[in-house]
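Student: I have a structure open on my screen and I keep stumbling over the words used to describe it. Could we go through some of them together?

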Amino acid sequence: MIKTDVIIIGGGATGCGIARDLALRGIPHCLIEKGDFAAGATGACHGLLHSGGRYVVSDPHSAKECYDENIILRRIGEKCVEQTGGLFVRLPGDSKLYRDRFLKSCEKIGIPAEIISSTKALDLVPNLNPDIEEAVKVPDCSIDPFRLCMLNIISSQKRDGIIFTRHKVTEIIKEHGRCVGVKAADQVSGELREIHGNVIINATGAWSHLVAQLAGNEVPLTLSKGSLVITNHRLTNMVINRMRPSADGDIIVPNEAVCLAGTTSLAVEDPDKIRIESQEVDTIISEAGRMIPHFNDTRIIRAFSGVRPLLKSAKADSREITRGFQIFNHGDGMYSIVGGKLTTFRLMAEKTVDTVMDYFKLKKPCETADIPLEGQEELSGYPLAKRLADMKNIVCECELVSRAEVERIIKQTGTRYVGDISHRTRLGMGPCQGGFCTFRALGIMHEKSIISPEQSMNALRDFLQRRFRGIRFCLWGDQLREEQLVEYIYMGILALEKK
Ligand SMILES: Cc1cc2nc3c(=O)[nH]c(=O)nc-3n(C[C@H](O)[C@H](O)[C@H](O)COP(=O)(O)OP(=O)(O)OC[C@H]3O[C@@H](n4cnc5c(N)ncnc54)[C@H](O)[C@@H]3O)c2cc1C
């Protein structure tokens with residue numbers, strides 16, 4: 001049995017941010033995540049570090065939180081935030097009145113917003129629709145959500161934080177009406193671990209009502225599914241938003257070598273039962289194509305969905321629900337943190353840990369806004385220049401991931417999952433979507449005696465199957481040809497269908 005002070009359930013941005021904050025304030029803690037870090041909404045988002053522009057008219061309080069956090073993250077995460085800047089583009093027919101409200105609201109909150117002509121906008125982003133009326137420039141940025149989680153975890157690990165990934169909390173242990181610990185099932189071996197603590201923080205996003213129920217508590221949530229598509233290369237180096245009230249398909253975010261376009265917003269009941277609809281993919285592509293016409297003839301490599309954990313609201317359109325957050329003190333030693341954005345994860349963590357400090361009657365103030373994220377140098381290993389310098393023995397050609405890098409991750413994490421390597425190196429995230437690198441990565445794991453040949457075949461099947469769930473909505477043109485080739489390799493040469 002493990003004993004600690006604070007148990008954090010959930011390894012998305014919020015949970016990882018809480019672990020870092022607790023670590024910097026010297027509070028012993030243990031984080032438990034059922035998948036890898038960023039397995040929920042965090043890993044399924046655009047990676048847009050909001051300037052606040054998107055919410056400035058409808059939800060000024062959240063917009064201000066986003067802008068303040070945007071400034072902080074640019075400062076503490078200099079090496080992992082790409083300061084792309086963003087444009088809100090007004091297309092013919094988009095209301096000028098909305099643009100005026102947008103500018104007025106930005107001014108009120110203090111978000112820098114500069115109107116630029118269509119000519120200037122086209123100079124900045126040559127792929128933009130030449131028919132745009134004008135654009136407004138804002139300080140939007142782009143961030144890799146997987147890397148963000150891992151950078152937060154480094155601070156926790158350096159200060160003896162206990163971290164369990166691939167462990168699902170299945171039971172909350174209660175004694176005399178108080179939560180005193182959890183039981184977590186190892187998702188690989190099935191072994192059950194018991195961890196005891198004084199405080200339990202439920203940071204499980206769209207699953208928080210389910211985890212709260214384990215202790216007999218309730219969390220009022222509205223679940224909203226959003227889908228995104230990924231292009232095989234960058235069509236813009238700036239974030240592009242549509243100048244109109246939030247609607248389907250009005251954001252394009254450059255991230256690493258690709259662009260992510262989205263999103264949709266559909267109410268769902270069960271976060272584990274979501275699927276992409278081909279209608280969503282069509283809408284996103286055609287709406288994105290109105291801002292960047294090349295979108296219509298660019299190769300789409302995959303689609304995916306995530307679930308937004310929004311505070312419960314009676315509003316029929318989940319787009320109108322606040323992006324603010326709330327901490328629920330269940331009164332039995334469990335706290336749930338719900339709502340917010342990836343952009344505001346640090347603030348959410350700060351407020352949650354402030355509450356924990358009050359519980360322990362401790363005074364140490366939060367330092368997460370002042371201390372730069374540790375490990376940025378090593379984890380900023382993604383930039384192309386660094387990858388090109390290490391061209392020997394490439395395992396993933398699309399994302400230039402070397403064998404040495406794959407071996408380093410296997411040694412560091414002891415993982416049996418290709419997804420874990422992918423989240424840390426971008427292996428399998430390029431146009432072939434793992435077609436040429438999955439079997440090589442598994443070959444390396446096998447060589448290092450991490451997995452048996454049979455386990456590697458199961459892992460291969462599992463990874464490809466997961467990828468295919470998103471690829472199947474993008475099968476036309478080059479992506480269809482690529483997928484056929486991948487199918488021949490796996491079904492033909494590797495005889496994968498014959499179990
Ligand atoms: C399509 C989409 C696009 C978005 N785009 C953006 C954007 O560009 N910018 C932005 O700021 N925000 C964006 N958001 C919102 C943002 O992604 C979320 O608000 C944020 O990531 C939530 O983080 P979280 O850590 O609270 O939840 P999550 O990331 O969902 O983390 C919860 C974690 O809990 C784990 N968990 C659940 N149950 C258990 C259990 N029993 N035991 C152990 N672990 C468990 C899950 O595996 C998961 O990893 C987007 C959301 C969606 C859906």
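Tutor: Happily! Cys396 has a relative accessible area of 2%, and this is a predicted model.

Student: Why is Cys396 called buried?

Tutor: Buried means under 20% relative accessible area. Cys396 has 2%, so Cys396 is buried.

Student: How do you know that Cys396 is in no disulfide?

Tutor: Look at the nearest cysteine sulfur, which belongs to Cys437 and is 4.1 Å away. A disulfide needs two cysteine sulfur atoms within 2.5 Å, so Cys396 has no partner by this rule.

Student: What about Cys30: is Cys30 buried or exposed?

Tutor: Cys30 is buried, because its relative accessibility is 0% and the cut-off is under 20%. For Cys30, the nearest cysteine sulfur is that of Cys16, 13 Å away, and Cys30 is in no disulfide.

Student: How many disulfides does the rule give in total?

Tutor: The count comes to zero.

Student: Now to Ser265. Where does Ser265 lie, and what makes it buried?

Tutor: Ser265 lies in the loop between strand S18 (258-262) and strand S19 (266-268). Its relative accessible area is 13%, which is under 20%, so Ser265 counts as buried.

Student: Why is the pair Ser265 and Ser224 called a polar contact?

Tutor: Their side chains are joined at 3.1 Å, and the cut-off for such a pair of N or O atoms is within 3.5 Å. Leaving aside neighbours within four places in sequence, Ser265 is also in contact with other residues, among them Lys225, Asp248 and Arg308.

Student: Let's turn to the ligand. What makes Thr14 and Leu48 polar partners of the ligand?

Tutor: A polar side-chain atom of Thr14 is 2.7 Å from an oxygen atom of the ligand. For Leu48, a backbone N or O atom is 2.8 Å from a nitrogen atom of the ligand. Both distances are within 3.5 Å, so both pairs count as polar contacts.

Student: How much of the ligand does the protein bury?

Tutor: Taken alone, the ligand exposes 1000 Å², and the protein buries 97% of that.

Student: Which residues are the closest around the ligand, and which elements give two or more residues to the shell?

Tutor: Of the 36 residues around the ligand, the closest are Thr14, Glu33, Thr42, Leu48 and Thr343. The elements are helix H1 (13-24), strand S11 (167-175) and strand S20 (300-311). By class, the shell has 14 nonpolar, 17 polar and five charged residues.

Methods: Residues numbered from 1 in each chain as written. Predicted model: local features only at pLDDT ≥ 70, side-chain atom pairs only at ≥ 80, totals over all residues. Heavy atoms only, no water. Helix = DSSP H or I, 4+ residues; strand = E, 2+ residues; numbered from the N terminus. Buried < 20%, exposed > 50% of the residue type's maximum accessible area, 1.4 Å probe, protein only. Polar contact = N/O pair within 3.5 Å; in protein donor to acceptor, adjacent residues only side chain to side chain. Contact = heavy atoms within 4.5 Å. Near = heavy atom within 4 Å. Areas by Shrake-Rupley, 256 points an atom, 1.4 Å probe, with all protein chains shown as cover. Nonpolar A, V, L, I, M, F, W, Y, C, P; charged D, E, K, R; others polar.
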